[in-house]
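Please look over the following chain before reading on. The report goes from single sites to surface patches and then to the chain overall.

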Amino acid sequence: MTIPRISSLLSRSFTSSASSALLSSIGRNSSRRGGIFRYSTAAVVEEPINPSVNVNYTQLLINGQFVDAATGKTFETLDPRTGNVIASVAEGDAEDVNRAVSAARKAFDEGPWPRMSPYERSKILLRFADLLEKHNDEIAALETWDNGKPFEQAAKAEVPLVIRLMRYYAGWADKIHGLTVPADGLHQVQTLHEPIGVAGQIIPWNFPLLMYAWKIGPALACGNTIVLKTAEQTPLSALYASKLLHEAGLPPGVLNVVSGYGPTAGAALASHMDVDKLAFTGSTATGKIVLQLAARSNLKPVTLELGGKSPFIVCEDANVDEAVELAHFALFFNQGQCCCAGSRTFVHESIYDEFVEKAKARALRRTVGDPFKAGIEQGPQIDSDQFEKILRYIRSGVENGATLETGGERFGKEGFFIKPTVFSNVQDGMLIAQDEIFGPVQSILKFKDLGEVIRRANATSYGLAAGVFTQNLDTANTLTRALKVGTVWINCFDVFDAAIPFGGYKMSGHGREKDKIRGLTVPAEGPHQVQTLQEGIGFVGQIIPWNFLLLMYAWKIGPALACGNTVVLKTAEQTPLSALYVSKVELVHFQGALEHKEIGLPCSVRRGELGIGIRVLVTEAQVAFTGSTKTGEAILQSAAMSNLKPVTLELGGKSPFIVCEDANVDEAVEMAHFALFFNQGQCCASGSRTFVHESVYDEFVEKAKARALRRTVGDPFKAGIEQGPQIDSKQFEKIMRYIRSGVESGATLESGGERFGKERSRVMWRFADLLEDHNDQIAALETWDNGKPYEQAAKVEVQSWADKIHGLTIPADGLHHVQTLHEPIGVAGQIIPWNFPLLMYAWKVGPALACGNTVILKTAEQTPLSALHAGLPPGVLNVVSGYGPTAGAALASHMDVNKLAFTGSTETGKIVIQLAEKSNLKPVTLELGGKSPFIVCEDANVDEAVELAHFSLFFNQGQCCCAGSHTYVHERIYDEFVEKAKARALKRVVGDPFKAGTEQGPQIDSEKFEKILRYIRSGVDNGATLETGGERFGTGGYFIKPTVFSNVQDDMLKAQDEIFGPVQSILKFKDLDEVIRRANASNCGLAAGVFTQNIDTANTLTRALRVGTVWINCFDVFDAAIPFGGYKMSGNGREKGIYCLQNYLQVKAVVSPLKNPAWL
């Protein structure tokens, strides 16, 4: 039976202004004062309204079917208005979670969902959104009945926002792009963004449907499958919505819903070995447990959105009435059961008393009662546990000396209602000011100045959100950057647009819900062929560029005025000043003939295409434009759609500069240099294609490079400077993209190619220069300390870094301006291994320092000598040598370390992450062990494959986490490969690593030496064929002969464990499906090598192998721009590249309302 429109059950509905306020992404702005209900909390609770909706879905949803729990158990979900039972719901436990995970795994590995085109996935999500919209009132009724929140809030704000979220993520499904990465050397690199697999999701009871959408939306859009555990208090709306999602066409097994309790179903999901990713929203205490369960199982990455104790700061310039209303909303919304509730209301002392009185009066007017009744602002708390907990906090506030202004007791005689409660004279040390109460209790604290309130607001283990109420821009900017929280709302609160990332700093969580950004500028559609005519007739519109602003001004107005025309001239938005100044001078002589103004926003031309936007007036008789070809096309289209005015265009160029064989090379170099670099290269006629005759080409290139290196770049006001900055960030980034494309396309970068300037970058480049100056000494220390060949250390491993860290502006629904800030995370703890001491040092400290963090780095006890620093301020980089159980454990568990990065074994990684999560929940990046497959296909050139497989395993004495230690060879070429691999191993040069030509030095120490020999003996014992090696080399040190095994089986110990030594295991396979299955049958997923000339084979293996890096016909390509990290138990997060910077940055969303905006 379906429910009738719920409005028939209600005696009143929202006023239009109140509805509008709620629908604006749930949030409220300071200026929105309409729609505030004025009812007394003294009203008597009437007989509860009986919602006319049936509860039809109470079973578990597994593999597309509603089924009973395996045990047959059920639990009761209660109506918080009365405490009465609504329905009995199937109680899932570990066995049910197993069933759900198996269904999700099968749907991911074998089902259509991950393989469905993103467009088809998008259509299913859009159909789901349509069904949600159709059943809006039924879902809202279930949400209110099960949770107690006001029906009008659920029906007019939360369900519409869920619909918006689904449509938002439907739009993302086909916009998930990889990158092509510029890499040194002859390599082509691409990144793929793949579905992570089976996602476990645990949602809370305070916003059941909204959290359901936050979780499943992005997971489904990316092609994952899901096992979702609902809160035991509120299972009904998620089950109903999931039924609608299957009606929309979701394949069976893609979304599985298990209702149950945290210690049984939740723990089973968090610790399940076949769940690839976990997302949890709930309390910080439970979040710690969830993380530890994940860490102790398969190290699945975990996203946490946890508790908060958000400050709401009311500054002395505030309009008190508006501030009171917004602070009231920030705390009491959703019965105060909101993780980001503004539960610490800091008010400036100059307005404190007035604020308290008005806050008390507003709380007394708050309408409390049956949430199905029209006009009700506050329903019951979720259950008796939460009800009693809140009352205990209220009692503690009174006992600790805070002033109870109003409320503080039960409302009515049944259900879990609490009167809106306001405390004044609250001190920071009181329990009500420290703990997350999660109820309708407002604590008002007094402050004197900004410095004090910043210190006090940040003096908490939480960092989820904050509100700021001020009209002062400097105050707003100061607080925005000073508050250590994930979201700052300025003169608004609880703005939750689908595009705004949400998550916390410190112990309020890891990662972000919702996401990103990015509006795209799209060129106008349709071909246009336009002939432009220059006619000096009538009213002339002129648009000038930024590169030669005054010169272009003169080029435009001179002939127009000389011919008797009048002019409307639009300057470039980047460079208006000189034209304004000169126009003032000229007006003395040409009164009435020249009008200078900025023209309004476009009617038919998109903003992004023109930078600021041009509207060509219909009365103009002629238009003259100088600028880019793309913008010129838009100008032409706009002119054609108005009065077909003739248009003069002076657009872009790609001018050739031709140097013939008889040229004086020195003079030609100088002239070509000027032709290109004049005006920072920002000249439409610049000689950007320099053609040089082959007979003088090499000489010309060398001298052109030398001339470019002599070019002086810097402050353009400084004498002698030849080149200043580019005009703006947009042009700067565009040029950098072209440079990268040149490198990617195979052109040789002779000089330049990167940003000039930035203090942190200059310090790091000085460091890189010093590394280069001391290359041989550092390499010698590395070889001496580690045993690797000196030529390897000296020629391969010293690298450098640079920084490019940008925030974003985000298009949000409603009248809100949103920006994100990327901030340094703080103190980064870093633990590096012994196998690549200097390289791992660089991978760790580079991105951390580039982002502005400070570092404590613990070296491996075996190899402390090569770690160093230069040119840094004191305290920025601190190096501690010591042992893991002492120094390493202290660093991992330190409460004042904000971020931890570890490279080492999987076993130690588990210990590290548990230490981190038992302390302050610091985020952890792990780069752990591997057992990488190297797959040689039947079309391989055997000689080349043998050489590359040899390198992939024996490089660095086999002491490499991504070593190709599973060499899979197709059965057709297996015997030939084994013979040649044996011969290559016998030719490998082992000896003193300082000796020229040595390929292999000793293992790191006696412990690793003996461990490797034990693995070799186990291989022989298990029946593998020892082709060569297998024993000590020489009589001293830790040298082992290069070892090759054939006839290795998957279940042998040497084929399963990470040996970390010079032992090659060669396995035979028959076909692709077999080798994919066997290669993926590992807890590790760090890297893989593929040797084939067949593009279909390469593409199949690239996508099928569950690893973080796939090298095709190459191995161990470690360019600084290429991200590196593992799937499964090979780690969390990525090293190097742009992805690594995310490890060392916090994302802060800043939201402020727009007042009468010119555009949205």
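## Leucine 445

In which strand is the place of leucine 445? Leucine 445 sits in strand β17, residues 441-447. Strands are DSSP runs of E of at least two residues, helices are runs of H or I of at least four, and both are numbered from the N terminus.

This is a predicted model: local features need pLDDT of at least 70, side-chain atom pairs count only at pLDDT 80 or more, and totals for chains, interfaces and linings use all residues. Residues are numbered from 1 along each chain as its sequence is written, and side-chain values use heavy atoms, with hydrogens and water left out.

Leucine 445 counts as buried because its relative accessible area is 0%. Buried means under 20% relative accessible area, exposed means over 50%, and partly exposed lies in between (1.4 Å probe, protein chains only). Contact means heavy atoms within 4.5 Å. Not counting residues up to four places away in sequence, leucine 445 touches ten residues by name: Arg344, Thr345, Phe346, Val347, Tyr352, Val426, Gln427, Asp428, Ala433 and Arg456. The C-alpha atoms of leucine 445 and valine 426 are 5.3 Å apart, with their positions 19 residues apart along the chain.## Serine 952

Serine 952 belongs to helix α29, residues 942-954. Serine 952 is buried, at a relative accessible area of 1%. Leaving aside neighbours within four places in sequence, serine 952 contacts Phe934, Ala963, Gly964 and Phe1115.

## Surface patches

Glu316, Asp317, Glu349 and Asp449 form a negative surface patch. Patch residues have over 30% relative accessible area and no salt bridge; like charges are joined within 9 Å, and nonpolar side chains (Val, Leu, Ile, Met, Phe, Trp, Tyr) within 5 Å. A salt bridge is a side-chain nitrogen of Lys or Arg within 4 Å of a carboxyl oxygen of Asp or Glu. Asp and Glu count as negative, Lys and Arg as positive; His and the chain ends are not counted. Each charge is placed at NZ of Lys, CZ of Arg, CG of Asp or CD of Glu.

Glutamate 349 is in the loop between β14 (344-348) and α11 (352-365). Glutamate 349 is partly exposed, with a relative accessible area of 40%.

Met671, Phe674 and Phe678 make a nonpolar surface patch of about 320 Å². Phenylalanine 674 lies in helix α20, residues 665-677. Phenylalanine 674 is partly exposed, at 47% relative accessible area.

## The chain overall

The chain has 35 helices and 46 strands. Of its 1160 residues, 55% count as buried. About 48,100 Å² is exposed, and carbon and sulfur atoms supply 54% of that area. Accessible areas come from the Shrake-Rupley method with a 1.4 Å probe; for residues, only the protein chains shown count as cover.
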